[in-house]
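Please open the model in your viewer and keep the sequence panel beside it. The tour below moves from one selection to the next and says what is to be found at each stop.

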Amino acid sequence: MALREIRKFKDPILRKKARPVVKIDKRLLTLLDDMVETMKKAEGVGLAAPQVGILKRVVIIADMDEDKIIELINPEIIVQSGEQVGPEGCLSFPGMSGTVKRPEQVTVRAMDRNGEIREVTGTGIIARAFCHEIDHLDGIVFLDKVIPEPESDQESDEQQEETAL
């Protein structure tokens, strides 16, 4: 396993659409392992392959409650419900955050590292992470979805905890 460089906000790769994975091979498994190590080192909750310079539809999410890593290859959101509004950040946009509206519950269909099709449902922070990371695969960054804040609410925003996805 090796650390990969996390691409930052001005990198044009963050605005490109990732290509579907057609074959799970040793290179892809190495990418997954490297992404986990990179995300943990950066203390993030999720990471998409474009954030490490690879235009493949691959995402990883840390499920802290279950103490496991969710690996999603060619993920697609198949069900979403509810609504949550809260602070969001991103490993590719250090020091930046904003309020974003996301679904409260999301079900994703994707392949795992063994090529098996799986469905995974997440609520709260996991649902937020699913949406945030899948957006990265389509060249969308969280700043595109930030809700403008009224001037008087800025102080309360600074007190809220942000999550770097």
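In which strand is Val120 found? Select Val120 and you are in strand β7, residues 117-123, where helices (H or I, at least four residues) and strands (E, at least two) are DSSP runs, numbered from the N terminus. Before going further, note that this is a predicted model, in which local features need pLDDT of at least 70 and side-chain atom pairs count only at pLDDT 80 or more, while totals for chains, interfaces and linings use all residues. Residues are numbered from 1 along each chain as its sequence is written, and side-chain values use heavy atoms, with hydrogens and water left out.

**Around Val120**

Val120 has a relative accessible area of 22% and is therefore partly exposed, on a scale where buried means under 20% relative accessible area, exposed over 50%, and partly exposed in between (1.4 Å probe, protein chains only). Now add Ile70 to the selection: it is 50 residues from Val120 in sequence, yet the two C-alpha atoms are 8.7 Å apart in space. Leaving aside neighbours within four places in sequence, Val120 is in contact (heavy atoms within 4.5 Å) with Ile70, Leu72, Val106, Thr107, Val108 and Phe130.

**Glu71 in β3**

Move next to Glu71, which is found in strand β3 and, at a relative accessible area of 18%, is buried. Display its side chain together with that of Arg113, since a polar contact of 2.9 Å joins the two; such a contact is a pair of N or O atoms within 3.5 Å, where within protein one must be able to donate a hydrogen and the other to accept it, and residues adjacent in sequence count only if both atoms are side-chain atoms. Beyond four places in sequence, the residues in contact with Glu71 include Leu32, Val59 and Ile60, as well as Met111 and Asp112.

**Helix α1 and the loops**

Select residues 26-42 to show helix α1, whose 17 residues should span 24 Å at 1.5 Å a residue, in agreement with the 24 Å between its end C-alpha atoms; the expected span is 1.5 Å times one less than the number of residues. Colour its buried residues, among them Leu28, Leu31, Leu32 and Met35, and then show β1 (46-48), β2 (58-63) and β3 (68-81), against which the buried residues of α1 pack.

Glu43 follows α1 and lies in the loop between this helix and β1. Its phi is near 60°, a positive value in a residue other than glycine, and at 69% relative accessibility Glu43 counts as exposed. For another such case, go to Asp67 in the loop between β2 and β3, where phi is positive at about 55° although the residue is not a glycine; Asp67, at 71% relative accessibility, also counts as exposed.

**Helix α2 and the cysteines**

Finally, select residues 125-137, which form helix α2 and reach 19 Å from first C-alpha to last, close to the 18 Å expected. This helix is mostly covered, with 12 of its 13 residues buried, including Phe130, Cys131 and His132. After α2 comes Gly139, with a positive phi near 75°.

Does Cys131 lead to a bond partner, or what is its distance to the closest cysteine sulfur? The sulfur of Cys131 is 14 Å from that of Cys90, too far for a bond, given that a disulfide is a pair of cysteine sulfur atoms within 2.5 Å. Cys131 is buried at 7% relative accessible area, Cys90 is buried at 4%, and a search of the whole structure finds 0 disulfides.
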